[in-house]
Amino acid sequence: MVPKISAICVSKRKGTRKKEVQSVRLIKDYGIEGDAHAGSEKRQVSILTEKSIEHMKSLGLKLNFGDFGENIVVRGLSFEDFKKGDLIRLGKNALGEVTVLGKECHTRCAIFYKTGDCIMPREGVFLKITKGGKIKKGDRIRMVQRK
């Protein structure tokens, strides 16, 4: 299976579920234009795999893409496929570097209260955008370099 973008999600505020959109513009050293998590930090864009979300659904949770605060949902890859330092092509032109695997949550946010659990600390992949470009749902995602 060719890895693809299943969903793209954005939000105006941190700690809230994101809403699905058809396309976004990724900006170098910033992240997704218009998303609350964009900025100069190393966690500019978040990824969850469709496999991770489907596992949570199998536990009886009613979930939509974006409920865990993820920006991009990918099909055809597992969390284990990502390594810190990987360069990933998103769509035709955009590139991101994997900077963080998992994250520490200091408080329980709205996402935790909606789902009863949050998989971002265990299975979230975070990127810093190294080359911008427009991406859309259905675009390919592929590893271009492993460090």
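Begin by selecting strand S5, where Val45, Ile47 and Thr49 point one way while Ser46 and Leu48 point the other way, and all of them are buried. The model on screen is a predicted one, and the whole tour should be read with that in mind. With residues 45-49 highlighted, S5 appears as a mostly covered strand, with 5 of its 5 residues buried. The alternating directions follow a general pattern, since in a regular strand the side chains alternate between the two faces of the sheet.

**The neighbours of S5**

Keep S5 selected and add strand S9, residues 125-131, which runs antiparallel to S5 and is joined to it by 3 bridges. Within this pairing, Ile47 can be found opposite Val125 of S9. Next add S6, residues 72-75, which pairs with S5 in the parallel sense, again over 3 bridges. Here the bridge partner of Ile47 is Ile72, so that a selection of Ile47, Val125 and Ile72 brings together the contacts of Ile47 with S9 and with S6. As background, strands of a sheet pair through backbone hydrogen bonds, either parallel or antiparallel.

**From S6 to helix H1**

Stay on S6 and show the side chain of Arg75 together with that of Glu50, for the two meet in a salt bridge at 3.5 Å, N to O. This pair links distant parts of the chain, with Glu50 in helix H1 (residues 50-58) and Arg75 in strand S6, 25 residues apart. The two ends of the bridge are covered to unlike degrees: Glu50 counts as buried because its relative accessibility is 17%, under the 20% limit, whereas Arg75, at 34%, counts as partly exposed.

**A three-stranded open sheet**

Now move to S4, S3 and S10, which form an open sheet of 3 strands in the order S4-S3-S10, with antiparallel pairing. Strand S4 (31-32) and strand S10 (133-136) stand at the edges, and because each has a single partner strand, one side of each is left without a neighbour in the sheet. Select strand S3, residues 23-27, with S10 to follow their antiparallel pairing over 4 bridges, in which Leu26 stands opposite Gly133 of S10.

**Further salt bridges**

Which residue forms a salt bridge with Arg25? Select Glu33, whose closest approach to Arg25, taken between N and O atoms, is 3.4 Å. Both residues count as partly exposed, Glu33 at 45% relative accessibility and Arg25 at 43%.

Then go to Lys136 and Asp139, whose side chains meet in a salt bridge with an N to O distance of 2.8 Å. Is Asp139 buried or exposed? Asp139 is buried, with a relative accessible area of 12%, while Lys136 counts as partly exposed at 43%. In total, the model holds 8 salt bridges, among them the pairs Glu50 with Arg75, Glu33 with Arg25 and Lys136 with Asp139. In general terms, side chains of opposite charge can pair when their charged atoms come close.

**Last stop: a positive surface patch**

Finish by selecting Lys14, Lys42, Arg43 and Lys84, which gather in a patch of positive charge on the surface. Centre the view on Lys84, found in the loop between strand S6 (72-75) and strand S7 (87-90). Why does Lys84 count as exposed? Its relative accessible area is 60%, and the class of exposed residues begins over 50%.

How values were computed
Residues are numbered from 1 along each chain as its sequence is written. This is a predicted model: local features need pLDDT of at least 70, side-chain atom pairs count only at pLDDT 80 or more; totals for chains, interfaces and linings use all residues. Side-chain values use heavy atoms; hydrogens and water are left out. Patches are made of residues with over 30% relative accessible area and no salt bridge: like charges are joined within 9 Å, nonpolar side chains (Val, Leu, Ile, Met, Phe, Trp, Tyr) within 5 Å. Accessible areas come from the Shrake-Rupley method with a 1.4 Å probe; for residues, only the protein chains shown count as cover. A salt bridge is a side-chain nitrogen of Lys or Arg within 4 Å of a carboxyl oxygen of Asp or Glu. Lys and Arg count as positive and Asp and Glu as negative; His and the chain ends are not counted. The place of a charge is taken as NZ of Lys, CZ of Arg, CG of Asp or CD of Glu. Helices (H or I, at least four residues) and strands (E, at least two) are DSSP runs, numbered from the N terminus. Buried means under 20% relative accessible area, exposed over 50%, partly exposed in between (1.4 Å probe, protein chains only). Two strands pair if DSSP finds at least two bridges between them.
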